Amino acid sequence: MITGTIKSVKDNKPLEGASVILPSWSTIITKSDADGYYSIPVPLLAKELVFDLLGYEKIKVTIGRSNIINVSMSAINAEISEVVVVGYGTMRRTDLTGSVAKIEGENFQDIAISSFDKFLQGQAAGVQSTTPSGLLGEGARVRIRGTNSISNSSNPLYVVDGVPYVSANISPFTESSPLAEINPNDIASVEILKDGASTAIYGSRAANGVVLITTKRGQQGASKLAYSNWFAAATPSKRFDLLNANEFIEITNEKLRNANLEDAAFPTPIPGRDNEFYDTDWQSIIFRTAFQQNHALSVSGANDKTNYFVSMGYTDMDGITYPNSLKRYTLRTRVEQKVLNDRLTIGVNNAISHTTNRGLNNSGNATSSAMQGLIFAFPNVPARWPDGSYNLSNDQLTLGQGANTRPIRGNVNQAYVLDNNIYKFQQLNITGNAFAELEIMSGLTFRTQIGINYMLGEDYLYFDPGHGDGRPVGGRILQYSFPRLRYNWQNLLTYTKELGDHSINAVIGQEMQKTNNRSFSVNGTRLSSPFFGQNENIITGTLSNQIIGGSAAQNAFESFFGRAHYVYKGRYLFSATLRNDRLSALPINNQTALLPGASVGWRISEEEFFTSSLISNLKIRGSWAKVGNTEIGNYPSAGIFLGTQYGTNNAIRYAQVANPDLRFETSQKLDIGLDIDLFDNKVLLVADYFNNNIDNLILASPTAPSLGVPSSQINRNIGAMYNRGLEFGVNTMNITREEFSWSTSFNITLLKNRVQRLAEGQPINYLYHTVREGEAVGSFYGYVDRGVNSANGNPLFEKADGTVVQRAFGNNGAWSVYNPENPADESQITTGLSIDDKRILGLSNPTWYGGFNNNFRYKRFDANVFFTFSGGNKVYNRTRQESLNQQGFAGAGRELLDRWTTPGQITDVPQLYFNSDTYALQSGNLNSRFLENGTFLRAQNLAIGYTLKPSLLSRIHVSNFRVFVQIQNAFVLTAYKGLDPEISNINSGNFLSNDVQVSNVQSGLDFSASPIPRTYTFGLNIGF
């Protein structure tokens, strides 16, 4: 038996948790306790001990005659030793010449989230990750250094263990991000490649940045068994402020009386109760306190020959909006084995997941829209009658009106449709790779790897025939199948060598990838019985009006690439990248693009003339690269015919005109960076200036109608815009003591976007946004509200020439010039608002955002305080305009209580008048009254944990036991009046909007989106 103590060279303090290993006996291993003490049984033939601790240099000690071996370990300079994953390889951080952010996997593992991308916000400069709603399956909207396309995808490329990952939601009904199928507990690190130098190796896929996800491997030593869990309760972080029953009756009848109509809203008695009337809180019916749980179990280990990691995961989450839920099962197996005298390494890394998402109608204005429905629902009627039956209208189409004498404004009983309609998407996802890596000679290796991403998705939508959308057609079922297969084959030759003052790292490679997307759909109406819809699968013979459909698409590319990285004397850094990509989506003559990149760096702190007790590391770096965007669709350049119906015959129609000159969208990325380490690496500063000039943007260019071109447009490379900005990051070790430590991480990004060129200079206008030359992409565009005329309650608006006009109420009400000297004067009749009176009113994307993260440790307690922030943008509260302030016969918000009622009253809410939405509120157009400040500060995570003492751990035979509690989204400081300044919803009707141009342009649009949850979590981390 050998015993001893392990201490730090720097301060002679004991080191806890250091591994003591006998190299030839992988099962004999121990760890030092809180006093640095260890003891280990040693066989007679043992020759040496190895001492290993993360963050310290490994030590090997020859075993002699003494039974006591004390060692002192030296801390490794984290900046020098940290290895960062880059494209097709790894690199020491000190050798980087590009802008790469690294997020450790432990940041995601105890967080009650359905997908890791929802927790990227604030963790890395230049990365914006917004959560559009509280629906569990919906992915985050991730932008790296801004929106980099107008008509094509701006999402980054996701790469999991070297395999490009399919990240787009395919479901037309249910929010279901494939990123939610990655178990966060399996993630070792996430590297985000931001500038040209770091992304150039990915060539035509790099315009939007690259997110590299590396999963866990086994650690050297004995096998480890780890189990972790969390249990959470999620609640809506904010609710709508709605009229109660009495207020509804008062407000609604006032609308009618002002329009010379009879009262129609009256209290509805509760059957069997004298003088008691209904006052229904519809939000309590649709929102709920949701239970969520997650469990993760893994076994891992490694020795000189073998490395393995096997994990299982189970996630069961209810959403705060009924009946939203997510259930996920995951299995990951990673094994690597060295053979042929350690010259050949073979391995497999496979993950299988099955995820089921249950959703609801997330549309802004569909008949069964959950959010709009709960606002419109009468508060003076019940959802169910005392006998349990649903409150429905006589024709079963809408919510029952109770004692009211008018029907509701086109809405249903949400309790019924949420109980009976079904939105379900389930997917089997098989992702992984197999590789062989051969060491040809010292420093030269060849690696071949084949990876797959196979997704078998199935979507099911059922509208019950009893009420709502399914009632007019006797019920409806739509069922889709979405098999998607991507294979990726890479061959890499890597050379790494250090020769005196020279360090060389070079890679050349070849890559081929093919993606097959297929779909099959069937739908029908007139169900023979609701039972067959509730069965969650179409049954033969149960439907009429049957329709089948399908689609097939392929996309492929082939690439050759190389990168050379040279370091001289550890201070002069040079890197160059060249990639040739060939893409099937482009015309044969334009399928190929040669994309170069170059970068340099200078570690000034390594120069002999540099002497500073303050600065321990100083590096300047710069990069330039030309990269592309392959997410342009499968056939944007082809002349396309589609199937169609011509009378009773099947036929084909011309759908898209060919453009043989179409090319890649390309970006030229410039980055200048500065890295500074201060006070013996206790303060790390990173600053970057970036300029991303985006050219050859593919836009729909108008053609003369006489040419007969479909939609009178053709895809052309004609657009241009830029994203420019600054990034700052600071990591500090504020206090480092034996019993207390405090570290801080802060980052902020400043961003400016401008559109430079469009097709024939013509703007692209939407209802609330516009894209035009000289402005930011997706700028808000609409009418300027000037309040309410205090003399008569008329709404006031400003025309383009500065004239303030008012609109009198009533169908025959006229527009007149507002005279502030005589507000009651309506005699100066004028023209109303027109499109020429619209103007740019603000930005939909933030111009600054970031995060502020603090970690504390006191004895065996740990704590985390994490804030995120964003600003410089507006949010359009369409929910407030079209639902909460609506003028029809339906529920509404309490803002209407501030309406104008008497001359001289000062308010911003006009007089109530039945069905006056189109002119009083300007519904269907942007009204600046509802355009609000989007700036916020969010308490993203507040957590505290406790780890048991080693003496207690030995009694229960575990190596680690930690318990924690936390609150996510604890509070938000903002002037925004809606549910949350980050939510956004572009869906309308019963289908999700998967239009990437709409996604790029229509940011910051709050249109009946589900609230973001506030989540309270308790969990355990146990190691054996």
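Q: Which residues lie nearest the centre of the second largest cavity?
A: Before we peek inside, note that this is a predicted model, where local features need pLDDT of at least 70, side-chain atom pairs count only at pLDDT 80 or more, and totals for chains, interfaces and linings use all residues. Residues are numbered from 1 along each chain as its sequence is written, and side-chain values use heavy atoms, leaving out hydrogens and water. A cavity here is a set of points, on a 1 Å grid over the protein atoms alone, where a 1.4 Å probe fits but cannot get out, and lining residues have an atom within 4 Å of a point. The second largest cavity has 19 lining residues, and nearest its centre are V160, I182, R332, A351 and T431.

Q: Which strands each supply at least two residues of the lining of the second largest cavity?
A: Strands are DSSP runs (E, at least two residues) and helices are too (H or I, at least four), numbered from the N terminus. The lining of this cavity has seven nonpolar, eight polar and four charged residues. For those classes, Ala, Val, Leu, Ile, Met, Phe, Trp, Tyr, Cys and Pro count as nonpolar, Asp, Glu, Lys and Arg as charged, and the others, Gly among them, as polar. The strands you're after are β20 (325-339), β21 (344-358) and β22 (422-441).

Q: How many cubic ångströms, about, does the largest cavity have as its volume?
A: Searching the whole structure turns up nine cavities of 30 Å³ or more. Volume means the space filled by probe spheres set on the grid points, which are joined across faces, edges and corners. The second largest cavity holds about 170 Å³, while the largest cavity comes out at about 360 Å³.

Q: Which elements give two or more residues to the lining of the largest cavity?
A: In total, 24 residues line the largest cavity, with I113, T131, Q968, I1012 and P1013 nearest its centre. Sorted by class, that lining has eight nonpolar, 12 polar and four charged residues. The elements giving two or more residues are β48 (936-947) and β52 (1013-1023).

Q: Which helix gives the most to the largest nonpolar core?
A: A nonpolar core is a set of buried Ala, Val, Leu, Ile, Met, Phe, Trp, Tyr and Cys residues joined through side-chain atoms within 4.5 Å. The largest one has 48 residues, and F240, M371, L374, I375, F378, L399 and F889 touch the most other members. Helices giving two or more residues include α4 (245-258) and α7 (414-420). With five residues, the top contributor to this core is α6.

Q: Is S741 buried or exposed?
A: S741 sits in strand β35 (residues 740-757). Leaving aside neighbours within four places in sequence, S741 is in contact (heavy atoms within 4.5 Å) with I735, T736, N855, F856 and R857. Buried means under 20% relative accessible area, exposed over 50%, and partly exposed in between, using a 1.4 Å probe and protein chains only. S741 has a relative accessible area of 15%, so it counts as buried.

Q: Which strands stand at the edges of the four-stranded open sheet?
A: Strands pair if DSSP finds at least two bridges between them. This sheet runs in the order β36-β37-β38-β43, with antiparallel pairing. Inside it, β37 (residues 769-771) and β38 (residues 779-782) pair over two bridges. Two strands have a single partner each, so one side of each lacks a neighbour in the sheet: these are β36 (764-765) and β43 (839-842).

Q: What is the bridge partner of K874 in β47?
A: An open sheet of three strands has the order β47-β46-β51, with mixed pairing. Its β46 (residues 874-877) pairs with β47 in the antiparallel sense over three bridges. In β47, K874 has as its bridge partner N933.

Q: What value, in degrees, is phi of K859 near?
A: Most residues other than glycine have a negative phi. K859 has a positive one, and this residue lies in the loop between β44 (848-858) and β45 (861-871). K859 is partly exposed, with a relative accessible area of 44%. Its phi is near 50 degrees.

Q: Which residue does a cis peptide bond join to Y322?
A: Most peptide bonds are trans. Here, though, omega is about 0 degrees for the bond after Y322. Its partner is found in the loop between β19 (306-318) and β20, and that partner is P323.

Definitions and conventions:
1 Å grid on protein atoms, 1.4 Å probe; cavity = no way out; pocket = protein on both sides within 12 Å on 5 of 7 lines; lining within 4 Å.
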